[in-house]
Amino acid sequence: MRKILAVLILSATLGCQAGQPRSTQPGAVISTPATLKIVSPEDTVAAIRSANDRTVAEVLRSIAGHESEPAGQVFQDVRYLKDVPASTLLDIMSIGYSNALGVRCAHCHDPSDFASDAKRPKRAAREMQVIHESVNTQLIAMKNLETQPRELRYITCTTCHRGRINPNNP
């Protein structure tokens, strides 16, 4: 059994409260008035991003020459982002979803079958896409927000999740 170095991070958000930087180094301690969470070095933001970057690179190699084609034609069972280029879908998943929840691709996807809906988090993400679209459609229709910065006119996964799987946890 390999030895796991425990890292104290004083937040359920990998050391991130609103306005504070996230820890990217194992062993970092962020002083926040939140719940203690002990995580391994593999759970740091940098480790998660690195793992996701490797997964995205593998997928890009497997779709070489088709990156600009619509995601719905390149990947199986794409429902809500079918018309975006395949490479853009990968960016949305990696930069958007994964970073917003602080998770690896494998949190939602079965690495041996990315199209599978067997994992509950992937089914939940599909439901969240419907909510996301509904809220943004309503926000876009609000005329008094037209002059506001983009972040006030649209929501993203980060709006609620802020690096946490469960947005209800502090």
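Let's start near the far end of the elements: select Arg-162, which lies in the segment after H6. Keep in mind as you look around that this is a predicted model. Arg-162 has a positive phi of about 50°, even though it is not a glycine. What makes that worth a click is a general habit of proteins: most residues other than glycine have a negative phi. Is Arg-162 buried, exposed or partly exposed? With a relative accessible area of 47%, Arg-162 is partly exposed.

**Zoom out**

Now show the whole chain as a cartoon. You should find 6 helices and 2 strands in the protein. Follow the chain from the N terminus and the elements come in the order β-β-α-α-α-α-α-α. Buried residues make up 31% of the 170 residues. If you turn on contacts and keep those with a separation of 6 or more, 46% of them join residues 24 or more positions apart.

**Select H1 and H3**

Next, colour helix H1 (residues 45-62) and helix H3 (residues 86-101). Two packed helices are described by the angle between their axes and the distance between the axes. Here the angle is about 165° and the axes are 11 Å apart. Angles over 145 degrees count as roughly antiparallel, so H1 is roughly antiparallel to H3. The crossing of H1 past H3 is right-handed.

Show side chains where these helices meet. On the H1 side, pick Ile-48, Arg-49, Asn-52, Asp-53, Val-56, Val-59 and Leu-60. On the H3 side, pick Ser-87, Leu-90, Ser-94, Ser-98 and Asn-99. Colour that contact by class and you get 5 nonpolar, 5 polar and 2 charged residues.

**Stay on H3**

Hide H1 for a moment and look along H3. How far apart are the end C-alpha atoms of H3? They are 21 Å apart, and this agrees with the 22 Å that its 16 residues should span at 1.5 Å a residue.

Which residues of H3 are buried? Select Ala-86, Leu-89, Leu-90, Ser-94, Tyr-97, Ser-98, Ala-100 and Leu-101. Bring the other helices back, and you can see what these buried residues pack against: H1, helix H2 (71-74), helix H4 (120-141) and helix H6 (157-161). Just after H3, click on Gly-102, where phi is positive at about 65°.

**Back to the loop between H2 and H3**

Walk back along the chain to Phe-75, in the loop between H2 and H3. Phe-75 has 19% relative accessibility, and since buried means under 20%, Phe-75 counts as buried. What does Phe-75 touch, leaving out residues up to four places away in sequence? The list is Val-59, Ile-63, Ala-86, Leu-89 and Leu-90. Among these you'll recognise Val-59 from the H1 side of the helix contact, and Ala-86, Leu-89 and Leu-90 from the buried residues of H3. For another pair, draw a distance from Phe-75 to Phe-114: they are 39 residues apart along the chain, with C-alpha atoms separated by 8.9 Å.

In that loop between H2 and H3 you also find Asp-77. Asp-77 has a positive phi of about 60° and is not a glycine. With a relative accessible area of 33%, Asp-77 is partly exposed.

**A stop at Ser-68**

Now select Ser-68, in the loop between H1 and H2. Is Ser-68 buried or exposed? Its relative accessible area is 67%, so Ser-68 is exposed. Add Pro-85 to the selection: these residues are 17 apart along the chain, and their C-alpha atoms are separated by 4.8 Å.

**Last stop: Asn-136**

Finish in helix H4, the place of Asn-136. Asn-136 is buried, with a relative accessible area of 9%. Which residues is Asn-136 in contact with, leaving aside its neighbours within four places in sequence? Select Arg-153, Tyr-154 and Ile-155 to see them. The C-alpha atoms of Asn-136 and Ile-155 are separated by 6.3 Å, with their positions 19 residues apart along the chain taken as the separation.

Conventions:
Residues are numbered from 1 along each chain as its sequence is written. This is a predicted model: local features need pLDDT of at least 70, side-chain atom pairs count only at pLDDT 80 or more; totals for chains, interfaces and linings use all residues. Side-chain values use heavy atoms; hydrogens and water are left out. Axes are lines fitted to C-alpha atoms, for helices over the stretch in contact, and angles run from 0 to 180 degrees between N-to-C directions. Helices (H or I, at least four residues) and strands (E, at least two) are DSSP runs, numbered from the N terminus. Angles under 35 degrees count as roughly parallel, over 145 as roughly antiparallel, 65 to 115 as roughly perpendicular and the rest as oblique. A crossing is left-handed if the near helix is turned anticlockwise from the far one by less than a right angle, and right-handed if clockwise. Contact means heavy atoms within 4.5 Å. Ala, Val, Leu, Ile, Met, Phe, Trp, Tyr, Cys and Pro count as nonpolar, Asp, Glu, Lys and Arg as charged, and the others, Gly among them, as polar. The expected span of a helix is 1.5 Å times one less than its number of residues. Buried means under 20% relative accessible area, exposed over 50%, partly exposed in between (1.4 Å probe, protein chains only).
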